[in-house]
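Here's a friendly walk through one protein model. Have a look at it first, then read on.

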Amino acid sequence: MPSRSDPKPSPPTEAVPANPLHAARDAFLAHLAVERRMSAHTLDGYGRDLAALCDWLAAQKVTSWQALDGEMLRAFIAAEHRRGLSASSLQRRLSACRSLLAWQVKNAMLANNPATGVRAPKAPRKLPNVLDVDEMGQLVEVVADDALGKRDRALLELMYSSGLRLSETCKLCWRELDLDDALVRVTGKGGKVRIVPVGRHAIAALRAWRDEGTAAHPIDGDRPVFPGRDGGAITPRAIQLRLRQLALQQGIFKRVHPHLLRHSFASHVLESSGDLRGVQELLGHANIATTQIYTHLDFQHLAKVYDGAHPRARRKT
């Protein structure tokens, strides 16, 4: 007989059914990561936005996506607005929800998309900041008399010369650079590949940086153009911090960040060429509406020229 001190056998535990809201959300995020090849940063944003929706639905006792309708989605957006989210954040949150629901419709999980017709508040149009040509020249003219200086000069010149995104710069390998033909092969958002010209100043800086690396060991085509301390690709955070340091070092007291170089590239090319479609291709924008914001920047420049030059526009002193 078992003694009284023997523990009683615990009853078998029943498997907890998976939350259907979370299951569909996780499958969608896996689809974005594997098939759409979205960056970790973008996936984090989608994850946060969809987690907010799932939490709100759970609080409303909604346990399936089939029970979600347009009125509920409007109530969710209104609740997020009351929590203090800005119009741009609400637009991003609704966009993530709309993408998830559209994916479910495509995969026969839902009969229709309840997000159709749901709109977020309009965000005020905010023009990106840019450096003018003189400021940009001042920034890239770093002293390149040692390995770090050559790396910094090549980094700045390439990002400004070709309008690269931060993520594109980090993962760029030497085999994707053709210094003889002055071209770079860039893999952008969603795995989309584009070929972009590289300016002569950037070519010279990249050659100097490559020669610096070749002195230590031969350059492998798969080696990152800008390696980090461990030899792998440099991290986005490392470039962000270095750009801030270089801006102060070069006497530029604006907030300088990697995307500012891309904005400046687009603005300067459009200002000189007037070719919006060409700028779209150089930037790798899927939709020309994304590129059109730079036409507003160009108009600001033209307005300043007009105000300063036209006899009927100049103000009396």
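What follows covers confidence, a few aromatic rings and a small sheet.

This is a predicted model, where local features need pLDDT of at least 70, side-chain atom pairs count only at pLDDT 80 or more, and totals for chains, interfaces and linings use all residues. Residues are numbered from 1 along each chain as its sequence is written, and side-chain values use heavy atoms, leaving out hydrogens and water.

The chain has a mean pLDDT (the predictor's confidence in each residue, from 0 to 100) of 85, with 85% of its residues at 70 or more. Over residues 12-17, though, pLDDT stays under 50, and the model has zero contacts (heavy atoms within 4.5 Å) beyond four places in sequence for them.

Now for the rings. Three aromatic pairs turn up in the whole structure; rings of Phe, Tyr and Trp (its six-membered ring) pair if their centres lie within 6.5 Å, and planes under 30 degrees apart are stacked, over 60 edge-to-face, the rest tilted. Phe28 and Trp103 have ring centres 5.6 Å apart and planes at 50 degrees, so they make a tilted pair. They sit 75 residues apart, linking distant parts of the chain. Tyr46 joins these two in one aromatic cluster.

Buried means under 20% relative accessible area, exposed over 50%, partly exposed in between (1.4 Å probe, protein chains only).

| Residue | Helix | Relative accessible area |
|---|---|---|
| Phe28 | α1 (residues 20-34) | 2%, buried |
| Trp103 | α4 (residues 87-106) | 12%, buried |

Helices (H or I, at least four residues) and strands (E, at least two) are DSSP runs, numbered from the N terminus. Three strands form an open sheet in the order β1-β2-β3, with antiparallel pairing (strands pair if DSSP finds at least two bridges between them). β1 (177-178) and β3 (193-197) each have a single partner strand, so one side of each lacks a neighbour in the sheet. Two bridges join β1 to β2 (residues 183-187), and Leu177 stands opposite Val184 in β2.
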